[in-house]
Amino acid sequence: MTLSLENLTICKSDGEVLFSNCNISIQPGEIVTLMGPSGCGKSTLLDAVAGHLSAEFTYTGRVILNDQAMDALAPHERRVGILFQDDLLFPHLNVWENLAFALPNAIKGKDRKKEALSALNAITLTQLAHHYPEQLSGGQRARISLTRMLLAKPKVALLDEPFSKLDKALRSQFRDWVVTQLHDANIPALMVTHDKDDIPLNSRVYTWPWEAHTHA
């Protein structure tokens, strides 16, 4: 799965241009980062890819996944997974139920719990299966949130400041784990951040006003 943004131009309703003829191609297992100040359009670009662009913005160009244009597809048809700075776990569901909720509809009945428990075992958090989100630490919630996203079998991952609410020590550990998980999932990922420490080593980063370089 390769994600390509071709000649993407995003404008505000007042005519301000956030991106002009943006061209980015992201390979399977690759994480590309956008880094810039608040209000420069980073999250808006993610919204365009996910199909959630609000009415105050318009864009031209194409969002392409494996040679198929996604622009005309509804958000739920795009198979895009999003990881936000807030984990957005359902407070009324326990951990395994949160994970099971994300599974594809093709997985039925008891198999949903089995798959959820298997995912928890893979991240060594089986003991939390019956805990509720309010009972978890920030790091545990973050790991479960990413695992839930990946269980939905997305074709693309979008990361919107996913580490910003974690303390410094936990942030570094979780960041490395996320990079490994996305690499293993072998899907293209686009991340936005304010912090250069979030950028994976030897990966591409676009810094505002959107110049590309390799982070070493």
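1. Phe101 is worth a look to begin with: in this predicted model, Phe101 is exposed, at 55% relative accessible area. Its partner ring, Phe90, comes out as partly exposed, with a relative accessible area of 27%.

2. On the aromatic side, the count is 3 pairs. Phe90 and Phe101 make one of them: the ring centres sit 4.8 Å apart and the planes are at 70 degrees, so you can file this pair under edge-to-face. Phe101 belongs to helix H2 (95-102), while Phe90 is in the loop between strand S6 (80-83) and that helix, so the contact ties together parts that are 11 residues apart in sequence.

3. Phe90 has a charged neighbour too. The charged end of Arg148 is over the Phe90 ring, 5.1 Å from its centre.

4. Then there's the cluster: Phe163, Phe174 and Trp177 group into one aromatic cluster. Trp177 also has an arginine over its face, namely Arg143, at 4.8 Å from the ring centre.

5. What about the cysteines? The number of disulfides is 0. For Cys11, the closest cysteine sulfur is that of Cys22, and at 13 Å it is too far for a bond. Cys22 in turn has its closest cysteine sulfur in Cys40, 12 Å away, so that one is too far for a bond as well; a disulfide would need the two sulfur atoms within 2.5 Å.

6. One last remark on Cys22: is it buried or exposed? Cys22 is buried, with a relative accessible area of 10%.

Note on methods. Residues are numbered from 1 along each chain as its sequence is written. This is a predicted model: local features need pLDDT of at least 70, side-chain atom pairs count only at pLDDT 80 or more; totals for chains, interfaces and linings use all residues. Side-chain values use heavy atoms; hydrogens and water are left out. Buried means under 20% relative accessible area, exposed over 50%, partly exposed in between (1.4 Å probe, protein chains only). Rings of Phe, Tyr and Trp (its six-membered ring) pair if their centres lie within 6.5 Å; planes under 30 degrees apart count as stacked, over 60 as edge-to-face and the rest as tilted. Helices (H or I, at least four residues) and strands (E, at least two) are DSSP runs, numbered from the N terminus. A charge sits over a ring if NZ of Lys or CZ of Arg is within 6 Å of the ring centre and within 35 degrees of the ring normal.
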